[in-house]
Protein chains: 2
Amino acid sequence: MGRVSDAKERLMDAVLELIWSGSYGSTTIDDICEKAGVKKGSFYYFFDSKSELAAEAFEASWKSKRIELDSIFSPTVPPLERLHKYFDFGYEFQREIKAKHGRVLGCPQVTLGCEVCTQEDALQKKIQVIMDQKRKYIESAIRDAHAAGEIHAPDAGLKARMLMAYYEGLLTQARIQNDVEVLREAASGMSTILGEKVAVTA
Amino acid sequence: MGRVSDAKERLMDAVLELIWSGSYGSTTIDDICEKAGVKKGSFYYFFDSKSELAAEAFEASWKSKRIELDSIFSPTVPPLERLHKYFDFGYEFQREIKAKHGRVLGCPQVTLGCEVCTQEDALQKKIQVIMDQKRKYIESAIRDAHAAGEIHAPDAGLKARMLMAYYEGLLTQARIQNDVEVLREAASGMSTILGEKVAVTA
DNA sequence: ATAGTAGTTGACTGTTTAGTCTAATTTGAT
DNA sequence: ATCAAATTAGACTAAACAGTCAACTACTAT
């Protein structure tokens with residue numbers, strides 16, 4: 001009973017966009033409210049603070065991202081193809097972002113995590129959980145690829161951490177340089193890291 | 001003539017520490033002044049804004065870091081040893097930082113660059129110049145290692161970008177997770193990326 | 001020794017910000 | 001239709017913040 005509202009969702013969308021396209025520190029509660037078309041009274045009706053909102057927003061956003069990733073990383077897809085699709089998808093995604101914002105924005109989790117990890121404990125923990133889950137997709141694809149004999153990767157966890165560090169590093173470079181083309185090297189880098197046996201087609 | 005002062009240096013030291021251990025957005029001019037033991041009037045005597053101070057501070061800090069790197073990457077040192085020394089040095093450095101601050105802080109340039117690149121144009125450009133120079137150390141070591149037949153890396157630029165993305169990615173993970181041990185994998189990751197021919201001692 | 005210059009001080013202004021509170025409004029359930 | 005819960009409006013406070021200024025101080029070169 002009572003009236004219904006999507007103000008909460010609008011606030012979460014707004015905070016994600018503002019943090020990602022700018023930074024956590026530079027987005028004020030007033031900014032968020034204005035972008036969401038919500039008055040401050042309503043903000044504090046739903047959330048106690050910016051950090052609580054950010055945590056909930058990142059959680060929700062990840063929940064919906066997982067659906068896409070579940071599809072990309074479906075065990076029915078050949079393991080190395082999963083990773084290639086993932087990188088292709090990432091490239092296209094960043095291209096769209098740049099077309100829309102005029103900016104390559106990279107990985108939201110890394111951007112926020114790197115900024116707030118020394119200051120916002122709850123947020124940092126949430127980010128870490130998300131990134132751990134993200135790595136699991138990669139790890140499982142690597143393990144399957146190894147089992148299929150497509151690569152030699154007896155320690156899938158190690159390779160997954162390596163590939164992830166590399167890819168997040170690339171995304172960060174792309175953000176800082178505002179250049180999607182940086183991501184073009186992802187596939188070849190993956191081949192190098194995983195030692196893809198079929199990599200050379202010549 | 002006139003009176004002399006090291007307030008400018010103190011301000012630059014303070015801003016580096018505050019940004020690195022926290023973030024750009026969360027360090028206020030008042031914070032910087034307090035940490036440096038300098039009054040706001042003096043701040044504005046030396047600098048126009050926080051971003052100008054940050055730019056000068058990062059410039060100066062890089063200038064002194066270059067001296068260390070020139071030694072580590074001296075052409076008189078065998079090329080792969082340069083890289084191993086660099087990673088060892090990075091690990092020890094982050095360990096000291098953690099001992100001192102209770103926190104792994106990762107790479108200052110990436111942290112700042114990632115946070116401000118969409119908002120502070122001059123700063124972003126400065127960061128990019130520094131990171132380009134940093135990459136040159138790695139690239140030249142890789143080129144020399146290739147020439148010496150120690151690795152196969154006909155495109156040293158590509159490998160350097162790859163190794164750098166990986167290493168910066170690791171440092172970012174170390175910062176977010178507040179765990180130096182993440183960096184332990186750097187040497188093995190490097191071997192994988194460069195295809196070190198002497199890697200396996202067994 | 002002193003004149004001129006480089007640097008310092010702290011009080012001041014106006015603005016932005018987070019956060020609060022109360023009264024009003026909308027809506028679903030009965 | 002009406003009640004009660006859910007949501008909104010917006011004005012308000014106090015603190016934090018960036019930036020200014022004119023008077024003051026210490027130094028150094030002559």
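These legends describe close-up views of a predicted model.

**View 1. The surface near DNA strand C.**
Around DNA strand C there are 24 residues. The nearest are Arg3(A), Thr28(A), Gly2(B), Ser5(B) and Gly41(B). In chain A, helix 2 (29-36) and helix 3 (40-46) each give two or more residues to this surface. In chain B, helix 3 (40-46) does so too. Helix 3 of chain B gives the most, with four residues. By class, the surface near DNA strand C has nine nonpolar, eight polar and seven charged residues.

**View 2. Helix 7 against helix 8 in chain B.**
Two packed helices are described by the angle between their axes and the distance between the axes. Here helix 7 of chain B spans residues 121-147, and helix 8 of chain B spans residues 156-177. Their axes come within 8 Å. They cross at roughly 125°. Helix 7 of chain B and helix 8 of chain B are therefore oblique to each other. The crossing of helix 7 of chain B past helix 8 of chain B is right-handed.

**View 3. Residues in the contact of helix 7 with helix 8 of chain B.**
From helix 7 of chain B come Arg135(B), Ile138(B), Glu139(B), Ile142(B), Arg143(B) and His146(B). Helix 8 of chain B answers with Ala156(B), Gly157(B), Lys159(B), Ala160(B), Arg161(B), Leu163(B) and Met164(B). Six residues of this contact are nonpolar, two are polar and five are charged.

**View 4. The two copies, chain A and chain B.**
A turn of 180° lays chain B on chain A, with a shift of 0.0 Å along the axis. The RMSD of this fit is 0.0 Å. The two copies are thus related as by a two-fold rotation axis. Of the interface residues of chain B, 100% are also interface residues in chain A, so the copies meet through the same surface.

**View 5. The side of chain B that touches chain A.**
Chain B puts 37 residues into the contact, and chain A puts in 37 residues. On the chain B side, helix 6 (108-116), helix 7, helix 8 and helix 9 (186-194) each supply at least two residues. Helix 8 of chain B gives the most, with 13 residues. The side of chain B that touches chain A divides into 13 nonpolar, 18 polar and six charged residues. Helix 7 and helix 8 of chain B thus appear in two settings: they contact each other, and each supplies residues to the side that touches chain A.

Definitions and conventions: Residues numbered from 1 in each chain as written. Chains lettered and ligands numbered in written order. Predicted model: local features only at pLDDT ≥ 70, side-chain atom pairs only at ≥ 80, totals over all residues. Near = placed C-beta within 6 Å. Nonpolar A, V, L, I, M, F, W, Y, C, P; charged D, E, K, R; others polar. Axes fitted to C-alpha atoms, helices over the stretch in contact; angles between N-to-C directions. Parallel < 35°, antiparallel > 145°, perpendicular 65-115°, else oblique. Left-handed = near helix turned anticlockwise from the far one by under 90°. Contact = placed C-beta atoms within 7 Å. Least-squares fit on C-alpha atoms with pLDDT ≥ 70 in both.
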